[in-house]
Amino acid sequence: MTFVRRFITPLSIAATLAIGAADYVTGVAITLLQLAYLAPLVAATWLRGRTLGLAIAVLASACVGAISFTFGDTLWVSAINTIGCAGMFVVVVLLNDRLRHYVERERLQRWAAVEQLRHAERLNVIGVLAAGVAHELGTPLNVIAGNAELIADDASPEERRKAARTILNQTDKISAIITHLLAFGRRNHGGRAVVELDRVARSAAELIGSTARKRNARIDVVEGSGPVRVRAADAQVEQVVSNLLLNAIHSMPRGGTVRVRTGVETRGGETRGGERTFGSITVEDEGQGIAEADLPRIFDPFFTTKDVGEGTGLGLSVSYGIVQDHGGSIEVSSVVGRGSSFVVLLPVADRA
Amino acid sequence: MRPTLIIADDNADMRNLVRSTLHRDFPDVIEAADGRQLYWQLLRSSIAPTVRAQPKFVVVADVCMPSFSGLDVLDAWHDGSALVPAVVITSFPDDEVRERVRQLGGILLAKPFTRTSLRDAVAEAARRIPS
């Protein structure tokens with residue numbers, strides 16, 4: 001297909017001449033074979049635009065005229081034939097060109113809309129996280145203020161030292177939270193680096209931790225056998241894992257445990273391309289599961305089974321887009337009433 | 001007799017801060033690290049022989065805690081009985097929380113609070129202990 005696309009100009013000219021030659025050799029003349037000219041005509045217009053389409057139309061009309069004249073029509077009849085065909089060809093080219101513009105515009109608009117939605121979803125997730133983060137920050141800030149007061153007030157030297165140590169601890173906590181937020185909020189499209197999946201899994205679990213606790217859910221990060229390294233934009237992978245964790249928590253209205261596991265898996269052994277090695281993050285919940293009828297649609301934009309206002313139906317589709325961008329995939333298995341398992345596969349980083 | 005102080009917060013540093021702030025007025029302290037423990041401590045405090053006749057305790061509870069939120073526990077405890085002498089701590093003092101605390105007869109304390117405001121709030125709550 002790329003070949004046709006790249007060489008459409010010589011190809012369409014050659015095809016037109018070939019049809020003309022066939023017309024001449026078989027002597028069918030006029031009627032049916034004239035319709036065959038439409039093929040290179042439409043292809044040229046669709047792939048390269050109106051100018052090439054009109055050029056091919058002129059060429060095809062010339063062929064029709066020449067053959068008509070060669071096979072004994074008078075000059076007048078040949079001319080009328082040529083003009084008639086040319087008219088038809090030009091109309092087809094112009095209509096085709098219109099359609100092409102229309103489709104192109106729709107495609108651009110759609111692309112812009114999807115981009116916008118991705119951004120909106122990102123903001124929404126950040127909003128949810130911000131509430132959690134605000135709570136996480138509130139407590140250490142309060143502890144700092146209280147201990148500072150304690151130092152200012154009375155307090156023995158020993159108490160003051162203790163208070164100061166507590167303050168230091170709390171500032172460390174706050175810096176860690178801020179680092180997280182920054183990493184999450186960064187619009188990092190290109191910057192891929194070698195990322196350790198275990199670390200990403202842990203930091204996503206920390207980020208969602210307060211939301212989980214509020215809903216009586218627990219996030220267990222199961223230690224893998226060693227670090228799994230992939231080439232990825234870590235903030236994006238963290239967003240994917242955070243999304244999966246939020247979904248897992250939402251699927252367990254009575255609470256429960258979400259297990260996060262990292263590992264290495266191979267896929268594609270049965271195809272010609274041979275086996276490929278992926279780093280994997282598995283998110284397993286004990287929730288309601290996904291109905292079989294819903295499974296094919298869960299990655300569709302706006303598909304949601306959550307209550308109004310709880311989910312936008314974009315989380316999984318955005319996650320899917322991110323993972324696809326990284327050359328990976330997301331696998332799902334689910335048993336209704338037992339829980340779901342999502343496996344994010346990302347190509348492992350080359351040994352370097 | 002001085003009332004016992006029940007401190008419920010999932011953050012140990014926070015519990016320490018509350019404890020050290022109120023140490024002079026409330027030397028008897030019970031700590032709870034989540035909603036479940038808070039409920040258990042409330043139950044335990046009120047069935048102990050010495051306090052059965054007169055439950056004398058003041059609760060300082062965080063709203064956001066694992067298992068049950070502080071508000072949920074106090075709500076369940078409050079059910080049908082007298083007001084709970086409680087100071088409820090929260091980072092998000094929205095209308096819903098305010099209303100629930102009001103119905104409990106408790107005192108809302110928004111984070112971040114000063115040690116003085118904590119002392120005042122707990123003293124106010126202690127005054128509400130039914131005698």
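Start by selecting L71(B), L74(B), D75(B) and H78(B) in helix α4(B), then add V97(B), R100(B) and L104(B) in helix α5(B): these two groups meet each other. Before you go on, keep in mind that you are looking at a predicted model. Sorted by class, this contact between α4(B) and α5(B) has 4 nonpolar, 1 polar and 2 charged residues.

**Stop 1: the two helices of chain B**

Now widen the selection to the whole helices, residues 70-78 for α4 and residues 95-104 for α5, both in chain B. Their axes come within 10 Å and cross at roughly 30°. Angles under 35 degrees count as roughly parallel, so α4(B) is roughly parallel to α5(B). Turn the view until one helix lies over the other, and check the hand of the crossing: α4(B) and α5(B) cross in a left-handed way.

**Stop 2: the sheet of chain B**

Next, colour the strands of chain B. In which order do the strands of the open sheet lie? The order is β2-β1-β3-β4-β5, and the pairing is parallel. Select β2 (29-32) and β5 (107-110) of chain B to find the edges. Each of these strands has a single partner strand, so one side of each is left without a neighbour in the sheet. Look along the sheet and you can follow its twist, which averages 15° from one strand to the next.

Zoom in on β3 (residues 57-62) and β4 (residues 86-90) of chain B, which pair in the parallel sense over 4 bridges. For one place to click, choose A61(B): its bridge partner in β4(B) is V88(B). Then bring back α4(B), the helix from the opening, because here you can see what else it touches: α4(B) packs on the sheet and touches β1 (4-8), β3 and β4 of chain B. The direction of α4(B) makes about 145° with that of β3(B).

**Stop 3: chain B as a whole**

Show the full chain B as a cartoon. How many helices and strands does chain B have? There are 6 helices and 5 strands. If you trace the chain along its sequence, you can tick off the pattern β-α-β-α-α-β-α-β-α-β-α. Of the 131 residues in chain B, 43% count as buried. Among contacts in chain B between residues at least 6 apart in sequence, 60% join residues at least 24 apart.

One more click in this chain: select K111(B) and P112(B). The peptide bond from K111(B) to P112(B) is cis, with omega near -5°. You will find P112(B) in the loop between β5 and α6 (115-127) of chain B.

**Stop 4: where the chains touch**

Show both chains together. On chain A, 17 residues are in contact with 15 residues of chain B. Select α6 (75-152), α7 (157-185) and α8 (197-214) of chain A, since each supplies at least two residues of the side that touches chain B. Which helix gives the most to this side of chain A? It is α6(A), with 12 residues. By class, the side of chain A that touches chain B has 5 nonpolar, 9 polar and 3 charged residues.

**Stop 5: a helix pair in chain A**

Hide chain B and select α2 (residues 8-26) of chain A together with α4 (residues 38-48) of chain A. The axes of α2(A) and α4(A) come within 9 Å and cross at roughly 165°. The two helices are therefore roughly antiparallel to each other, and the crossing is left-handed. To see the contact itself, show I8(A), T9(A), S12(A), A15(A) and T16(A) from α2(A), with A39(A), P40(A), A43(A), A44(A), L47(A) and R48(A) from α4(A). This contact has 7 nonpolar, 3 polar and 1 charged residues.

**Stop 6: three single residues of chain A**

Stay on α2(A) and click V25(A), which has its place in this helix. Is V25(A) buried or exposed? V25(A) is exposed, because only 8 other C-beta atoms lie within 10 Å and 12 or fewer count as exposed. Measure from V25(A) to I67(A): the two are 42 residues apart in sequence and 9.9 Å apart in space, C-alpha to C-alpha.

Move to S175(A) in helix α7 of chain A. S175(A) is exposed, with 10 other C-beta atoms within 10 Å. S175(A) and L137(A) are 38 residues apart in sequence and 9.7 Å apart in space, C-alpha to C-alpha.

Finish at N216(A), in the loop between α8 and β2 (217-222) of chain A. Phi of N216(A) is near 60°, a positive value in a residue other than glycine. With 17 other C-beta atoms within 10 Å, N216(A) is partly exposed.

Key:
Residues numbered from 1 in each chain as written. Chains lettered and ligands numbered in written order. Predicted model: local features only at pLDDT ≥ 70, side-chain atom pairs only at ≥ 80, totals over all residues. Contact = placed C-beta atoms within 7 Å. Nonpolar A, V, L, I, M, F, W, Y, C, P; charged D, E, K, R; others polar. Axes fitted to C-alpha atoms, helices over the stretch in contact; angles between N-to-C directions. Parallel < 35°, antiparallel > 145°, perpendicular 65-115°, else oblique. Left-handed = near helix turned anticlockwise from the far one by under 90°. Pairing = 2+ DSSP bridges. Buried ≥ 20, exposed ≤ 12 C-beta atoms within 10 Å, placed from the backbone.
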